[in-house]
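Work through the exercises below with the sequence and the model side by side. Try each task on your own before you read its solution.

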Amino acid sequence: MYEFEREELVATLRKRGIKNERVLSAFLKVQRHLFVPDVMIPNAYLDVALPIGQGQTISQPYTVALMTEILDPKPNDKILEIGTGSGFQAAILYELGAKVFTIERNYELYNQVLKLFDKLNYKIATRCSDGTIGWSDFAPYDGIIVTAGSPTIPENLKKQLKIGGKLIIPVGDKSTQVMKIIKKISEDKFKIEELSHFAFVPLIGREGWKE
Ligand code: SAM
């Protein structure tokens, strides 16, 4: 179902500059219409963020594609995502062959996603807690991707990254953020690059915004 719409979406992502063929083919596989509420299904393959309930959103496909292209996970890489939301970003990472660990703080969304992953037979480790403190049991990670806007770069996430790994996180105020791409060079040395402006919902937690 919706194969044509997925192809159109991939054509849009290409036009907007996404080049990684593995990432583009994951977008052909993951059925975004299953990750949005029923009333949003007609808009599921537009390149826009959509409400998913609980005051949260499924990110714009272009943003998901860009962050995934930057992360560039290889098969069997261990990737931690903070902010499961609809589960769509985690599903894209899973289709790329990564071992995915994802954390959501909202219990309703977490519960919804557990059922969806089960139905789709996606083996994705999912947890309901404050992702700003990471998931130390499975650390270190090859990559960490944060899909909510943070006031700072959480120290715990830097610690739980492998040397050579990448942490991607939007950092700024509650309305706009700069995407920071942090590469871990050694235990205490990091190289940071920045990308233009984004607008994510706030990352709420011990090392994020206060509620
Ligand atoms: N990646 C999601 C997707 O593919 O649908 C979109 C995520 S949505 C923009 C951001 C999510 O981060 C929300 O579901 C929100 O509840 C969650 N969130 C905010 N602060 C969090 C925290 N400290 N730990 C875990 N999840 C958090």
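The exercises that follow deal with the ligand, the pockets and two places in the backbone.

This is a predicted model, in which local features need pLDDT of at least 70 and side-chain atom pairs count only at pLDDT 80 or more, while totals for chains, interfaces and linings use all residues. Residues are numbered from 1 along each chain as its sequence is written, and side-chain values use heavy atoms, with hydrogens and water left out.

**Exercise 1.** Find which residues surround the ligand, and sort them by class.

Solution. Begin with the rule that a residue is near a molecule if one of its heavy atoms lies within 4 Å of it. By this rule 27 residues surround the ligand, and the closest are E81, S86, E104, G131 and I204. Next, sort them: Ala, Val, Leu, Ile, Met, Phe, Trp, Tyr, Cys and Pro count as nonpolar, Asp, Glu, Lys and Arg as charged, and the others, Gly among them, as polar. The shell then divides into 10 nonpolar, 13 polar and 4 charged residues.

**Exercise 2.** Describe the pairs that nitrogen atoms of the ligand form with I204, D130 and R105.

Solution. Here a polar contact is a pair of N or O atoms within 3.5 Å. At I204, a polar backbone atom is 2.6 Å from a ligand nitrogen. For D130 the partner is an N or O atom of the side chain, at 3.0 Å from a nitrogen of the ligand, whereas R105 uses a backbone N or O atom, at 3.2 Å. As for cover, the ligand on its own has 600 Å² of accessible area (Shrake-Rupley method, 1.4 Å probe), and the protein covers 99% of this area.

**Exercise 3.** State where the ligand sits and what lines that place.

Solution. The ligand sits in the largest pocket, a statement that requires more than half of its atoms to lie within 2 Å of the grid points. A pocket is an open set of points on a 1 Å grid over the protein atoms alone, with protein on both sides within 12 Å along at least five of seven lines, and lining residues have an atom within 4 Å of a point. About 530 Å³ of space lies in this largest pocket, where the volume is the space filled by probe spheres set on the points. Of its 35 lining residues, the closest to the centre are Q56, G83, T147, A148 and V201.

**Exercise 4.** Locate the cis peptide bond and the residue other than glycine with a positive phi.

Solution. The cis bond joins A139 and P140, with omega about 5°. To place P140, use strands (DSSP runs of E, at least two residues) and helices (H or I, at least four): P140 lies in the loop between strand 5 (125–128) and strand 6 (141–146). The positive phi, near 45°, belongs to D72, which is found in the loop between helix 3 and strand 3.

How values were computed: Polar contact = N/O pair within 3.5 Å; in protein donor to acceptor, adjacent residues only side chain to side chain. 1 Å grid on protein atoms, 1.4 Å probe; cavity = no way out; pocket = protein on both sides within 12 Å on 5 of 7 lines; lining within 4 Å.
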